[in-house]
Amino acid sequence: MEVVFNEKRCKGCGLCIEFCPRKIIALGTKMNDAGYHYPFIKQKEKCNGCAICAMMCPDVIIEVKGA
Amino acid sequence: MPKGYSRPQTLIDKPWHFCPGCNHGIIHRLCAEVIDEMGLQNQTIGVGSVGCGVFSYEYFNFDGIGPSHGRAPAVATGVKRVLPDRLVFTYQGDGDLAAIGTTEMVHSAVRGENITIIFVNNTLYGMTGGQMAPTTLMGQVTTTTPGGRSRNQAGYPFRVCEMLATMEGAAYIARGAVYNPAQVVKTKKAIKKAFATQMAGLGFSLVEVLSACPTNWGMNPIQALKFVEENMVPVFPLGEFKVTPIEAGV
């Protein structure tokens with residue numbers, strides 16, 4: 001299972017970070033072309049693929065592959 | 001719990017013009033997911049609106065029409081009467097539907113037109129810079145009510161669902177929100193019921209979705225979602241206001 005962020009389209013709103021039940025998503029220090037910091041998963045081993053981050057993402061940039 | 005998640009096929013793969021944290025994106029996605037699940041992508045016609053939802057025809061992968069300000073239910077009426085086997089829905093904001101388009105909205109419900117309206121309520125005019133709308137909360141500061149909305153000057157907020165639920169032509173009226181994952185799931189079910197109501201030919205359906213506008217409210221996206229939960233929901237209670245049972249299907 002893998003969570004993929006389409007980093008180019010992220011606007012850094014932080015809703016995925018707020019609603020992740022395990023609080024394992026964080027904003028990175030790098031910026032995308034639009035000037036927004038984009039998120040990454042801090043502890044991949046803790047992710048169970050619930051896809052709540054994808055459910056709350058207003059820009060539909062999160063894809064959860066496999067399960 | 002859903003296993004895996006990928007972008008709905010009914011959404012065109014292009015970046016959106018919405019501000020960071022804008023709930024329009026979630027609501028667009030829910031409409032697309034429901035259309036995917038119901039297998040209606042090839043028989044859907046969307047009718048846009050004027051406001052932040054104006055580019056909905058650019059994002060949905062089906063035919064769309066851009067009507068004049070507020071006239072979407074009238075255009076949808078025409079489309080549905082000519083092509084009764086299609087899913088015809090309008091996607092409108094509160095400035096479009098509850099202000100300039102009130103007549104069209106009310107009378108399409110009075111006539112019981114077999115169309116669906118997705119009504120996004122963010123309490124103000126978003127695209128034009130945050131002016132007061134009929135749905136603005138009492139005391140809420142907007143660019144045209146700098147001292148807060150007052151009763152003497154602007155009256156009270158307009159509750160669309162409660163009004164439409166009294167009409168015989170309305171078959172399904174519900175209000176949802178997207179301020180947390182549980183509400184997103186409930187709102188998706190409401191949109192699915194509304195579309196199923198239309199496909200069963202039962203009459204007019206409307207789903208109002210309470211939406212955050214972080215930019216014009218002057219908040220960050222998380223604060224804006226909390227504002228919806230704490231300030232909007234007491235004024236605009238969530239739930240189903242009118243349900244017509246569908247014999248077969250959903």
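Here is a walk through this predicted model, stop by stop, with something to select at each one.

**Before you click**

Start with the confidence figures. The predictor gives the complex an ipTM of 0.94 and a pTM of 0.95. Chain B averages a pLDDT of 94, and 98% of its residues score at least 70.

**Stop 1: where the chains meet**

Color chains A and B separately and look at the contact between them. On one side there are 24 residues of chain A, and they are in contact with 23 residues of chain B. To see what chain A brings, select helix 1 (15-19), helix 2 (52-56) and strand 4 (62-65) of chain A: each supplies at least two residues of the side that touches chain B. Now color that side of chain A by residue type, and you should get 14 nonpolar, four polar and six charged residues.

**Stop 2: the core**

Which residues have the most contacts inside the largest nonpolar core? Select A:Cys53, A:Ile62 and B:Ile118; they hold that place in a core of 87 residues. Helix 1 (residues 24-38) of chain B gives this core its largest share, seven residues.

Stay on A:Ile62 and show what surrounds it. Leaving out residues up to four places away in sequence, A:Ile62 touches A:Val3, A:Phe5, A:Cys16, A:Cys53, A:Ala54 and A:Cys57, plus B:Tyr5 from the other chain.

**Stop 3: a hairpin in chain A**

Next, select residues 25-31 and 37-41 of chain A. These are strand 2 and strand 3, which pair in the antiparallel sense over four bridges. Pick A:Ala26 and look across: A:Phe40 in strand 3 of chain A stands opposite. Five residues lie between the two strands of this hairpin, and A:Gly35 there takes a positive phi near 90°.

**Stop 4: a positive phi outside glycine**

Follow chain A onward to A:Ala51, in the loop between strand 3 and helix 2 of chain A. Most residues other than glycine have a negative phi. A:Ala51, though, has a phi near 70°, a positive value in a residue other than glycine. Is A:Ala51 buried or exposed? It counts as buried, because it has 22 C-beta neighbours inside 10 Å and the cut-off for buried is 20 or more.

There's another one to visit in chain B. Select B:Thr123, in the loop between strand 4 and strand 5 (124-125) of chain B. B:Thr123 is not a glycine either, yet has a positive phi of about 70°. B:Thr123 is buried too, with 30 other C-beta atoms within 10 Å.

**Stop 5: the sheet in chain B**

Switch to a cartoon view of chain B and find the open sheet of seven strands. Reading across, the order is 2-1-3-4-8-7-9, with mixed pairing. Where are the edges? Strand 2 (63-65) and strand 9 (239-243) of chain B stand there; each has a single partner strand, so one side of each is left without a neighbour in the sheet. From one strand to the next, the twist averages 15°.

Zoom in on strand 1 (residues 44-47) of chain B. Three bridges join strand 1 to strand 2 of chain B, and the two run parallel. Strand 1 also pairs with strand 3 of chain B in the parallel sense, over four bridges. B:Val47 is a good residue to click here: B:Ile65 in strand 2 of chain B stands opposite, and in strand 3 the bridge partner of B:Val47 is B:Thr90.

**Stop 6: helix 3 of chain B**

Select residues 72-82 of chain B, which is helix 3. Its buried residues are B:Ala72, B:Pro73, B:Val75, B:Ala76, B:Thr77 and B:Lys80. They pack against strand 1, strand 2, strand 3 (87-93), helix 5 (102-110) and strand 4 (116-121) of chain B.

**Stop 7: two serines in loops**

Just before you leave, select B:Ser68, in the loop between strand 2 and helix 3 of chain B. B:Ser68 is partly exposed, with 14 other C-beta atoms within 10 Å. Draw a line from B:Ser68 to B:Thr90: the C-alpha atoms are separated by 12 Å, with the two residues 22 places apart along the chain.

Finish at B:Ser150, in the loop between strand 6 (131-132) and helix 6 (151-154) of chain B. B:Ser150 counts as exposed, since it has 11 C-beta neighbours inside 10 Å. From its C-alpha atom to that of B:Gly78, 72 residues apart along the chain, the separation is 39 Å.

Conventions
Residues numbered from 1 in each chain as written. Chains lettered and ligands numbered in written order. Predicted model: local features only at pLDDT ≥ 70, side-chain atom pairs only at ≥ 80, totals over all residues. Contact = placed C-beta atoms within 7 Å. Nonpolar A, V, L, I, M, F, W, Y, C, P; charged D, E, K, R; others polar. Pairing = 2+ DSSP bridges. Axes fitted to C-alpha atoms, helices over the stretch in contact; angles between N-to-C directions. Buried ≥ 20, exposed ≤ 12 C-beta atoms within 10 Å, placed from the backbone. Core = buried A, V, L, I, M, F, W, Y, C linked by C-beta atoms within 7 Å. pLDDT = per-residue confidence, 0-100.
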